[in-house]
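Trainee: I'd like to go through this model and test the terms used for it. Can we take them one at a time?

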Amino acid sequence: MASSGYSRRSSAMVSRLSASAEAAIEGGRTTRKQQAVVGRRVEYYDEESVAGEARYDVFINHRGVDTKRTVARLLYDRLAQDGVRGFLDNMSMRPGDRLEDRISAGIRECSVAVAIFSPSYCDSEYCLRELAMIVESRKAIIPIFYNIKPSDLILPQALADSDVYLPRDLERFRFALREAKNTVGITYDSATGDMAELVSAAADAVFYNLEKMEKVQRREMIVSRL
């Protein structure tokens, strides 16, 4: 298994991650991966819901033209290798699926979302609607700022001035972008960065968040039985 991206920051810089979070990742990564491989690999390939269990662990929100063939697909494959079930549109949907229904279900079922922000991300209505649903569903979000800075997450003026969108939709988009902008993420510059390190750092962040959520769920289950 490749060494953690958190221990190799020179290219894929993890922005503002606390030392305690890094330690939790390093300490819990092996346990998380072992459990995932043993308990979920068959379910991942079967892709059938079992007794109400969520079908996906992670939803990958991205702008296809910028990142589908690079970090989005590489991260999807890396997570799959460790038994973590990812939702990536071109990998998780079949001919005949209704686009909006399938994506909504993928977001609803997942525990964590990775939002890959890229230069043309905010020009996409689909990206913005997915992000709004993720935020409104209170999913844990891992932002990746791919050739973009957090301060660049601004609703394009052309979209804001369009008559196509209702004011409440525009406000949903703005709120979701603000939430992402204020969430600890991973920054990456393709001119100087290493893609393998970026994927490793993103995967480790996913493992950490899934492990943290599982601990909370176990604690709540114990309390409910008292």
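Mentor: Start with angles. Between helix axes, 65 to 115 degrees counts as roughly perpendicular. Keep in mind that this is a predicted model.

Trainee: Why are helix 5 and helix 7 called roughly perpendicular?

Mentor: Their axes cross at roughly 70°. The range for roughly perpendicular is 65 to 115 degrees, so the term applies. The axes come within 9 Å. The crossing is left-handed.

Trainee: Which residues make the contact of helix 5 and helix 7?

Mentor: Helix 5 brings L128, R129, L131, A132, M133, V135 and E136. Helix 7 brings D169, R172, F173, F175, A176, L177 and E179.

Trainee: What makes some of these residues count as charged, and how many are there by class?

Mentor: Asp, Glu, Lys and Arg count as charged. R129 and E136 of helix 5 are in the contact, as are D169, R172 and E179 of helix 7. By class there are 5 charged, 9 nonpolar and no polar residues.

Trainee: What about helix 4 and helix 5: at what angle do their axes cross?

Mentor: At roughly 35°, and the axes come within 10 Å. Here helix 4 passes helix 5 in a right-handed crossing. L99, I103, S104 and I107 of helix 4 meet Y126, E130, M133 and I134 of helix 5. By class, that contact has 6 nonpolar, 1 polar and 1 charged residues.

Trainee: What makes a set of residues a nonpolar core?

Mentor: The members are buried, nonpolar in kind, and joined through side-chain atoms within 4.5 Å. The largest such core here has 30 residues. F59, F117, L153, L155, F173 and L177 touch the most other members. Helix 5 gives the most to this core, with 6 residues.

Trainee: Which residues does L177 touch, beyond four places away in sequence?

Mentor: F117, C122, L128, L131, L153, I154 and L155. Apart from this core lies another, of 27 residues. Its members include V71, V84, I116 and A203.

Trainee: What share of the chain is buried?

Mentor: Buried means under 20% relative accessible area. Residues in that class make up 47% of the 226 in the chain.

Trainee: How do you know that contacts link distant parts of the sequence?

Mentor: Take the contacts with a separation of 6 or more. Residues 24 or more positions apart account for 80% of them.

Trainee: And how many helices and strands does the chain have?

Mentor: 8 helices and 6 strands. From the N terminus on, the elements run β-α-β-α-β-α-α-β-α-β-α-α-β-α.

Key. Residues are numbered from 1 along each chain as its sequence is written. Side-chain values use heavy atoms; hydrogens and water are left out. Buried means under 20% relative accessible area, exposed over 50%, partly exposed in between (1.4 Å probe, protein chains only). Helices (H or I, at least four residues) and strands (E, at least two) are DSSP runs, numbered from the N terminus. Contact means heavy atoms within 4.5 Å. Axes are lines fitted to C-alpha atoms, for helices over the stretch in contact, and angles run from 0 to 180 degrees between N-to-C directions. A crossing is left-handed if the near helix is turned anticlockwise from the far one by less than a right angle, and right-handed if clockwise. Angles under 35 degrees count as roughly parallel, over 145 as roughly antiparallel, 65 to 115 as roughly perpendicular and the rest as oblique.
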